[in-house]
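User: Hey, I've just opened this one and I'm new to it. Can you walk me through what's here?
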Amino acid sequence: MTTIAIQFGIKEALTQLGIREVNEGTSTGKSSFSSGAILESYSPVDGQLIAKVKKTSAADYEKVMQAATEAFQSFRLIPAPQRGEIVRQFGEKLRKNKEALGKLVSYEMGKSLQEGYGEVQEMIDICDFAVGLSRQLHGLTMHSERPNHRMYEQYHSLGVVGIISAFNFPVAVWAWNTALALVCGDVCVWKPSEKTPLCGIACQNILAQVLQENKLPEGISCLINGDYKLGELLTKDSRIPLISATGSTRMGKIVAQTVAARLGKSLLELGGNNAIIVTPDADIKMTIIGAVFGAVGTAGQRCTSTRRLIIHESIYDKIKESLVAAYQQLRIGNPLDEKNHVGPLIDIDAVEKYGKALEKGISEGTKILVDGAVLSGAGYESGCYVQPAIVEADNSFEIVQQETFAPILYLLKYSGTVENAIAIQNNVAQGLSSAIMTNNLREAELFLSVTGSDCGIANVNIGTSGAEIGGAFGGEKETGGGRESGSDAWKVYMRRQTNTINYGSSLPLAQGIKFDL
Ligand code: NAD
């Protein structure tokens with residue numbers, strides 16, 4: 001164990017979470033098995049090998065699918081509120097493991113310890129939400145057009161849900177899906193990101209304990225580990241009615257087509273290109289806090305990270321100067337140390353993409369205000385720490401149109417009315433999160449109106465980054481159109497059935513059709 005890992009109690013956290021030097025990467029609950037090759041998990045915090053995970057082979061995948069499909073047969077028969085009780089117990093176990101799991105998230109993924117704990121808190125929150133939901137999976141009743149008929153709709157369990165997740169929310173995204181899927185009576189097969197396999201094993205161990213304590217079939221929650229090829233097994237598998245996939249738009253386009261080819265359902269949570277509009281009526285202090293946290297939090301590796309600031313020309317220079325001054329205060333370093341604001345990028349590949357994006361920007365005519373750099377020397381040995389950059393640009397630049405998963409903030413200027421800013425904000429392919437900073441009611445309401453933001457999330461006087469679990473989360477356009485977490489997002493995990501019952505003694509047909517025999 002390295003100095004950082006020892007100093008911050010990572011070894012104890014790994015032991016508590018059941019992580020060993022070499023871990024089985026395939027699990028159907030209490031049975032862990034694997035015969036595949038090895039996946040190594042290195043920490044971007046200090047570049048050290050944390051542990052190894054055996055990849056899931058095609059043969060093991062078959063065993064998992066068998067366990068999951070069998071488990072579904074009985075799990076769907078358990079009343080929903082009793083399934084809610086299982087999720088309640090899972091939430092309790094998460095509370096007990098919050099510190100250990102939060103530390104692992106921070107060490108394996110590189111986000112700040114506070115954000116690591118925050119991610120586990122989101123898991124706990126969605127469990128609480130799902131417990132209440134387990135008594136509210138209700139449909140509607142309708143009035144039939146025929147006499148002595150009753151019509152209503154109900155929701156039934158769907159089956160096996162395949163969950164494919166990204167590295168940047170290595171535990172919460174799985175929990176958003178799993179907590180809802182379980183109360184809906186579904187069973188889950190999860191393929192975490194190949195960049196954060198240990199977080200997957202830790203989560204699986206926690207939920208498996210709950211299933212075991214309740215003597216439930218282990219196939220209710222299954223884990224498989226590997227790269228995109230394993231993801232493809234899920235997307236092509238017609239035994240899986242729903243694929244919930246979180247990741248890049250590039251991945252989502254492939255997944256969507258593969259699942260659609262077999263007429264399965266997909267829930268897609270893909271890339272964003274999120275902007276904050278700053279109008280002349282904005283509160284400057286709130287704007288700077290929202291913009292800086294949005295741009296550099298999680299080192300710019302949130303799907304909701306602020307990538308573009310669209311600032312009115314009358315306050316442009318003031319905002320620019322305040323931002324540059326704020327960036328000078330940023331402390332970049334070990335994310336487990338709470339005094340640091342910015343941790344590392346996930347790996348060297350991400351660092352290269354960050355460098356290339358800055359270079360491409362310059363070739364297109366961007367002007368650097370706070371220069372990017374890869375940090376080296378003591379504390380930066382992993383090679384994954386970069387300086388957050390601020391760049392003046394135009395929305396039409398190719399690089400501004402793309403999502404670069406790194407802390408690069410583009411400043412864009414607008415003139416005239418807020419409609420011009422909204423047009424710039426909407427003029428990208430992605431549609432996840434958006435925000436306006438203004439104390440002007442007209443501007444705020446216009447931003448939220450049908451001609452306003454075209455994103456799945458539109459905030460007023462809050463940044464773009466982060467969201468509460470109570471609302472449905474997701475985005476439009478190339479963000480994929482999926483919604484998960486709160487509100488009525490549960491409906492995608494169930495199949496809807498419309499029922500009409502005739503309690504009369506004749507058989508009138510709908511639409512007044514006569515068929516006399
Ligand atoms: P990624 O697309 O590289 O990988 C995501 C997951 O998809 C991984 O588990 C990967 O193995 C799998 N995968 C890749 N290709 C696949 C294929 N052809 N078939 C099946 N599975 C495949 O993304 P990443 O680098 O891990 O994460 C960053 C991206 O995720 C960013 O674009 C970010 O915006 C997005 N993201 C979106 C949300 C959201 O809710 N909208 C949340 C988190 C991350």
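Analyst: Sure. A quick definition before the annotation: UniProt positions are given in the numbering used here, and annotations may be inferred rather than shown by experiment. Also keep in mind that this is a predicted model.

User: Okay, so which residues does UniProt give for the feature "domain: Aldehyde dehydrogenase"?
Analyst: The UniProt record, an unreviewed entry, puts that feature at residues 39-498. Over that stretch the chain is 40% helix and 20% strand, and its end C-alpha atoms sit 46 Å apart.

User: And what does the domain assignment of the protein give?
Analyst: Domain 1 (3-270 + 483-496) and domain 2 (274-470). Their centres, taken over C-alpha atoms, are separated by 30 Å.

User: How many residues are in contact between domain 1 and domain 2?
Analyst: On the domain 1 side it's 33 residues, in contact with 25 residues of domain 2.

User: Switching to the ligand. How many residues surround it, and which are the closest?
Analyst: There are 29 around the ligand, and the closest are S165, E194, S248, L270 and E403. Each of the two domains, domain 1 (3-270 + 483-496) and domain 2 (274-470), supplies at least three residues of that shell.

User: What's the mix by class in the shell?
Analyst: 13 nonpolar, 9 polar and 7 charged residues.

User: Which polar backbone atoms does the ligand have close by, and at what distances?
Analyst: One from S165 is 2.8 Å from an oxygen atom of the ligand. For G247, a polar backbone atom is 3.3 Å from a ligand oxygen. L270 has one 2.8 Å from a nitrogen atom of the ligand.

User: How much of the ligand's accessible area does the protein cover?
Analyst: 92% of the 850 Å² that the ligand has on its own.

User: Last one: which elements give two or more residues to that shell?
Analyst: Those are α9 (228-236) and α10 (249-261). α10 gives the most, with 4 residues.

Terms used: Residues numbered from 1 in each chain as written. Predicted model: local features only at pLDDT ≥ 70, side-chain atom pairs only at ≥ 80, totals over all residues. Heavy atoms only, no water. Near = heavy atom within 4 Å. Polar contact = N/O pair within 3.5 Å; in protein donor to acceptor, adjacent residues only side chain to side chain. Areas by Shrake-Rupley, 256 points an atom, 1.4 Å probe, with all protein chains shown as cover. Nonpolar A, V, L, I, M, F, W, Y, C, P; charged D, E, K, R; others polar. Domains from an automatic or database assignment. Contact = heavy atoms within 4.5 Å.
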